[in-house]
Amino acid sequence: MLVAAVSDDGSWHGPGHLQAVHPDGTPASGPQPVADLPAAIAEREAAERPRWVWAATADCYPALLRTGVRVARCHDAELIEALLLGHAGRWGEPRALAAAFARLTGGPVPPDPPPRLAQPPGFAQAALFDAAAGPPPAAGPVVLEALTRVYADQQRRIAATGQPGRFGLLVAAESAGALVGAEMGHTGLPWRADVHDELLRDLLGPPQPVGPPRRLAELAAEVNAAFGMHGLHPDSPAEVLRAFARAGIDVPNTRAWVLRRVEHPAVKPLLEYKELYRIWTAHGWAWRDAWVSEGRLRPEYVPGGVVSGRWATRGGGALQVPKVVRRAVVADPGWRFVVADAGQLEPRVLAAVSGDTRLAAAGIADDLYAALATDAFGGDRARAKVALLGAMYGQTGGAAIPALAVLRQSYPTAFDYVEAAARTGEAGGLVRSWLGRTCPPASTAWRDAGLDPPEEAGSAEAPQGGASGRARGRFTRNFVIQATAAEWALVLLATLRTALEGLRAEIVLFVHDEVGVHCPEEETEQVVAAVRAGAARAGELLFGRTEVRFPLDVSVVECYADAA
């Protein structure tokens, strides 16, 4: 059974309405008013465990969590509307409930409300319906009608996709991920403020009343001296590029991997400055005061915030905590972290989706690159890695050229899979992930799509935008792999969440292909088994019977920084 729920006043602390619907979206009963909506949801959850249909998990669920109510399943109408719009080549159109209902009924489509400002812990969450964009208070039945009709329409559109079974799995996983994101923000990541303060003082020196800490000031002076200048701001890429130009060195950008190739006395202090400056501004004292409270970091996660399906954050920066700062992530007394990382995920995804039997055979091994090296690259693991990453990220120059030739000859089906995606992108076409997430159209600005290549890919460039040319081809060739990898990780997350029911363990960390669980020490063996089983189950749900394995590096640690 599916039940649509909506509050009458937007608070989720008082009266509201429920309505049972069939899986196809047709009503199974009329709207039922309830005096206490969270209590009614908790009662139905305990008795039936239905799938809840609501406008947006990010707006609805945090308020329920604060009342102590958790749900097992949901259908997030806003996230699913975005998936369906993308599938139809209409990526970026308004996706909120009001917009979806207007499209369905032929009314003027309102723009989505602007994203809520990131709010540190202690601030009230936004109401379910913003007064400027939603219905007035006491309009619960009106909103309920819109919600149930939009849900029914979405079910029809899902059935009309080319692969409704796969797309249905994407819909379920996307909604489950939204639940996990809200729960992670509510539970928080254990954080030792005293350890964090000690780390910052060791790295930066004590905080100053005005200006940067002492170590940053010292490094800035070293950079200026190396360039023979005064007043250069090392945190300004434009100023740094001009300084290198005056020294007769052409540097395309100030990325760390680019600067490491430059021979100049300013490089060493500049690299250290960049790293420490990022820590100071992104995870320094001001950040800690804003986002860490009562021993927990509580960021605001945005599931599906990147076009590939990867998550983003609206505040808190939990997806980019530097390794050195992770020493402050310490488990509670008597508790441990179980941290699982899916190594070589994207190459294994390529083996699974392409149907290349020879590459799939290599995917049985714990180290796929080593297996490739033995099979086709004369034992040269580094060369095999360059070839495979080059194929996925569009690296066509330098050392990749002969390695790619070997890859193309030995694994033609896999090579042709990403090449076909690249050609489609270059021609302005759309490509899809395994489950059906669709890339933005060529007319859309996709420069910040979040598909940056790893440094191991050599000199491969990040997508530069535009509707034609090789840049979009690089974007689409990686989209079909990275978006599918994101789906595998999301299904793992959803499967693990279900497996942890009945335990005290909590999912507290999810970064692309890494998941972390905080649990009592006596539950660690169960959690490790659940994580490993979830990885295997995710591969089965996505790809069916395949030789490709998706092994995890699993660590049980007291401090997150100690995870392998």
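In this predicted model, a salt bridge links the side chains of Arg 44 and Glu 48, with an N to O distance of 2.8 Å. Both residues belong to helix 1 (residues 37–48), where they sit four residues apart, about one turn of the helix. The two partners fall into separate exposure classes: Arg 44 is buried because its relative accessible area of 18% is under the 20% cut-off, whereas Glu 48, at 38% relative accessibility, counts as partly exposed.

A pairing with the same spacing of four residues, about one turn of the helix, appears in helix 7 (residues 193–204), which holds both Asp 197 and Arg 201. Here the side chains of Asp 197 and Arg 201 meet in a salt bridge at 2.9 Å, N to O. Arg 201 has a relative accessible area of 41% and is therefore partly exposed, since that class spans the range between 20% and 50%.

What, then, of a pair that bridges two helices? The side chains of Arg 477 and Glu 419 form a salt bridge of 2.7 Å, N to O. Arg 477 lies in helix 19 (residues 470–499) and Glu 419 in helix 18 (residues 412–426), so this contact ties together parts that are 58 residues apart in sequence. Both Arg 477 and Glu 419 are buried.

Beyond such pairs, one network arises from salt bridges that share partners, joining Glu 81, Arg 90, Glu 93, Arg 103, Asp 153, Arg 156 and Arg 157. Across the structure, the salt bridges number 32.

How values were computed
Residues numbered from 1 in each chain as written. Predicted model: local features only at pLDDT ≥ 70, side-chain atom pairs only at ≥ 80, totals over all residues. Heavy atoms only, no water. Salt bridge = Lys/Arg side-chain N within 4 Å of Asp/Glu carboxyl O. Buried < 20%, exposed > 50% of the residue type's maximum accessible area, 1.4 Å probe, protein only.
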